[in-house]
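User: I should like to go through the reasoning behind the labels given to this model. Please set each value against its cut-off.

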Amino acid sequence: MHNGLEKIAAEKFVFDIGSSSGSFDPSPYPFTTVLVDLNWGDNPPKGRIALRADAAQLPFPDGCAAAVVSNHSLEHFENLEGALGEMARILTPDSFPFVAVPDSSTLSDHLYRWLADGGGHVNPFTDASALGVKIEGYTGLPLFGVQPLLTSYNFLNRKNWPDQHVPDRLRLFFRGREEYLTRMNWVLRLIDKIFRTRLSHYGWALYFGKGFPFPAHYAGARGNVCVRCGCGHLSQQVRPVAKGSYGIFSLIRYYQCVDCGTRNSFVEDGT
């Protein structure tokens, strides 16, 4: 996503749709970022342009978007066809749409929906290629890259739940204790590597448009995903600071998340 955003000029507009508090930090970029969500609750983002609007009825003129970001929002839209039509309307032939969705067939998504009583997921996606073709049909913009996404199961982390709303079901997962979830992620990636399973798979990021080359190092899945904030990092970024541990878990190396400082288990990308 950032590879495309870096190429957008200062006078342009980027729309982050279904974004809640935002899919990315806009401060490094010169363009104007507009957050769009239907349900802000009582705490809309401060100091940023945030509009309450339905994704299927966007209050923007045709062809006004240099980019549209839909980061884990398509699965929540009641009117998916209408939302895709509106996104297509505000895009131009030179725009850069970015879409990320969960794979509803994965263990991660099944657990999330079980834990959160559905989690608001009303549109199941099980085929990245089929979704890419669908979005191409609406926008006329070619799909030029798909990146697999791995999970850290951070929705099981009790620190990501308000104290008054911690689900009782978290008792089945080490009571949501961060240090155990960190080790669980390392074990699941090891199982995936040995047995070619998909226990760590979460979903996909899809990149569309023209003139935005898809870097080779983005094509694979990032194995180092923070157990708290969910940010993924290339292994080459965090390998220099990864350190070993002692005792029964001495095989595991750990690093601190670049974004939030949380301690995570380290794996090489591709595992």
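**Strand pairing, aromatic rings and exposure**

Analyst: In this predicted model, strand S11 (residues 253-256) and S12 run antiparallel and are joined by three bridges.

User: What makes S11 and S12 a pair of strands?

Analyst: Pairing requires at least two bridges between the strands. S11 and S12 are joined by three bridges, so the requirement is met. Within this pairing, glutamine 256 has arginine 263 in S12 as its bridge partner.

User: Why are S10 and S12 called edge strands?

Analyst: The open sheet has three strands in the order S10-S11-S12, with antiparallel pairing. Strand S10 (243-244) and strand S12 (263-265) each pair on one side only, and are the edge strands.

User: Why is the aromatic pair of phenylalanine 98 and tyrosine 207 called edge-to-face?

Analyst: The whole structure holds 10 aromatic pairs. In the pair of phenylalanine 98 and tyrosine 207, the distance is 5.3 Å centre to centre and the angle between the planes is 65°. Ring centres must lie within 6.5 Å to pair, and planes over 60 degrees apart count as edge-to-face, so both conditions hold. Phenylalanine 98 belongs to strand S5 (residues 91-102) and tyrosine 207 to strand S7 (residues 201-208); the pair therefore ties together parts 109 residues apart in sequence.

User: Why is the pair of phenylalanine 144 and tyrosine 207 called tilted?

Analyst: The ring centres of phenylalanine 144 and tyrosine 207 are 6.1 Å apart, with the planes at 40°. Planes under 30 degrees apart would be stacked and those over 60 edge-to-face, so this pair is tilted. Phenylalanine 144 lies in strand S6 (residues 143-150) and tyrosine 207 in strand S7, 63 residues apart.

User: How do you know whether phenylalanine 144 and tyrosine 207 are buried or partly exposed?

Analyst: Buried means under 20% relative accessible area. Tyrosine 207, at 6%, therefore counts as buried. Phenylalanine 144, at 25%, lies between the limits of 20% and 50%, so phenylalanine 144 counts as partly exposed.

User: What makes leucine 190 eligible for a nonpolar surface patch?

Analyst: A patch residue needs over 30% relative accessible area and no salt bridge. Leucine 190 has 37% relative accessibility and counts as partly exposed, so the area condition is satisfied. Leu190, Ile194 and Phe195 make a nonpolar surface patch of about 320 Å². Leucine 190 lies in helix H5 (residues 178-195).

User: How confident is the prediction for the protein chain?

Analyst: The protein chain averages a pLDDT of 90, and 93% of the residues score at least 70. Confidence is lowest in helix H1 (residues 2-5), with a mean of 82, and highest in helix H2 (residues 80-90), at 98.

Methods
Residues numbered from 1 in each chain as written. Predicted model: local features only at pLDDT ≥ 70, side-chain atom pairs only at ≥ 80, totals over all residues. Heavy atoms only, no water. pLDDT = per-residue confidence, 0-100. Helix = DSSP H or I, 4+ residues; strand = E, 2+ residues; numbered from the N terminus. Patch = residues over 30% accessible without salt bridge, like charges linked within 9 Å, V, L, I, M, F, W, Y side chains within 5 Å. Areas by Shrake-Rupley, 256 points an atom, 1.4 Å probe, with all protein chains shown as cover. Salt bridge = Lys/Arg side-chain N within 4 Å of Asp/Glu carboxyl O. Buried < 20%, exposed > 50% of the residue type's maximum accessible area, 1.4 Å probe, protein only. Phe/Tyr/Trp six-rings, centres within 6.5 Å; stacked < 30°, edge-to-face > 60°.
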